[in-house]
Amino acid sequence: CLIIDMDKFERNVAQMAGYCARMSVRLRAHAKTHKSADVARRQMAAGACGVCCQKVSEAEALASGGVTDILISNQVTDLVKIDRLASLARTVTIGVCVDDFSNVAELSKAAVRHGATIQCLVEVNIGANRCGVPPDSTVNELAHAIAAANGLNFQGLQAYQGSAQHIVDFEERKTTIAQVVAVVKQLVQSLAADGLQCATVAGAG
């Protein structure tokens, strides 16, 4: 049973949406904590462009509860789960992170089979050392592979440096994030020079 103090909840939702609006960034709230379509819809009504989650099963539950724009901020590589992802993309906007060329082909086959379009972000290893391709020419190569694949749309980059949020010292954390931003700006410029625009550059942490 999810118990919510509505006054605090509504204040927090409004505060986060207002902060992102002032910073001129889109808010895509992470639903892996609350796992509630009701909460997600309220976040979107307050200004969030959508929500993200970690698994196909979470995306399915959110979509069945009326959430219409979902990013799986992770890679989906199991063929059964890819098929479920593509099926879901027929009725709601679905995005996923990609860091492997063979995964592009698998996602494309499933999207074509279901007559769907899957939004894809190239995940860049920007310092978390968890997943993602290195911030070099591989980014452009993978982005072009996505753009050329049937049923897939190159949406931009996922550049999540989650470990930075654990740096306690403000100046050290600021320096780390500044380095990440500089690298990502170069990647966006390189992609633009290659004819690929990044509609989304996802980060946070």
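**Parallel strand pairing and local features of the predicted model**

Strand β2 (residues 50–53) pairs with β3 in the parallel sense, over three bridges. The model described here is predicted. Within this pairing, C52 has L71 of β3 as its bridge partner. The connection between the two strands passes through helix α3 (residues 56–64), and this β-α-β crossover from β2 to β3 is right-handed.

On its other pairing, β3 is joined to strand β4 (residues 93–98) by four bridges, and these strands run parallel. L71 has G95 as its bridge partner in β4. From β3 the chain crosses through α4 to β4, again as a β-α-β crossover that is right-handed. The side chains of β3 point two ways. D69 and L71 point one way, whereas I70 and I72 point the other way. All four residues are buried. In a regular strand, side chains alternate between the two faces of the sheet.

A second set of pairings involves β6. Strand β5 (residues 118–123) pairs with β6 in the parallel sense, with six bridges. One bridge places C120 with F154 of β6. Helix α6 (residues 137–148) completes a right-handed β-α-β unit with β5 and β6. Strand β7 (residues 200–202) also pairs with β6 in the parallel sense, over three bridges. Here Q158 stands opposite A202 of β7. A right-handed β-α-β unit is formed by β6, helix α7 (residues 170–193) and β7. Strand β6 (residues 152–158) is largely enclosed by the rest of the structure, because six of its seven residues are buried.

Helix α1 (residues 6–22) has the length expected of it. At 1.5 Å a residue, its 17 residues should span 24 Å, and its end C-alpha atoms are 24 Å apart, which agrees. Four residues of α1 are buried: F9, V13, A17 and C20. They cover an arc of only 65° around the axis, so they lie on the same side of α1. An α-helix has 3.6 residues a turn, so residues three or four places apart point the same way. The cover over the buried residues of α1 includes α2 (37–45). The face turned away from the buried side of α1 carries D7, Q15 and R22, which are exposed.

Both ends of α1 show local detail. At the start of the helix, a side-chain oxygen of D5 comes to within 3.2 Å of the backbone nitrogen of D7. Just after the helix, S24 takes a positive phi of about 60°. S24 sits in the loop between α1 and β1. It is not a glycine. With 68% relative accessibility, S24 counts as exposed. N129 also has a positive phi, of about 55°, and is not a glycine. The loop between β5 and α6 holds N129. At 63% relative accessibility, N129 counts as exposed. Most residues other than glycine have a negative phi.

Q75 belongs to the loop between β3 (69–72) and α4 (79–88). Although placed in a loop, Q75 counts as buried, at 17% relative accessibility; the cut-off for buried is under 20%. Its side chain makes a polar contact with the side chain of E123, at 2.8 Å. Leaving aside neighbours within four places in sequence, the contacts of Q75 are C97, V98, D99, E123 and C131. Of these, E123 lies in β5 (residues 118–123), and C97 and V98 lie in β4 (residues 93–98).

A29 is part of strand β1 (residues 28–30). At 9% relative accessibility, A29 counts as buried. Residues up to four places away in sequence not counted, A29 touches Q43, G50, V51 and C52. G50, V51 and C52 fall within β2 (residues 50–53). A29 and Q43 are 14 residues apart along the chain, and their C-alpha atoms are separated by 7.3 Å. Q43 falls within α2 (37–45).

S102 lies in helix α5 (residues 101–114). With a relative accessible area of 43%, S102 is partly exposed. S102 and T77 are 25 residues apart in sequence, and 9.2 Å apart in space, C-alpha to C-alpha.

Technical notes: Residues numbered from 1 in each chain as written. Predicted model: local features only at pLDDT ≥ 70, side-chain atom pairs only at ≥ 80, totals over all residues. Heavy atoms only, no water. Expected span 1.5 Å × (residues − 1). Buried < 20%, exposed > 50% of the residue type's maximum accessible area, 1.4 Å probe, protein only. Arc of directions from axis to C-beta. Contact = heavy atoms within 4.5 Å. Polar contact = N/O pair within 3.5 Å; in protein donor to acceptor, adjacent residues only side chain to side chain. Pairing = 2+ DSSP bridges. Right-handed = clockwise from strand over helix to strand, strands pointing away.
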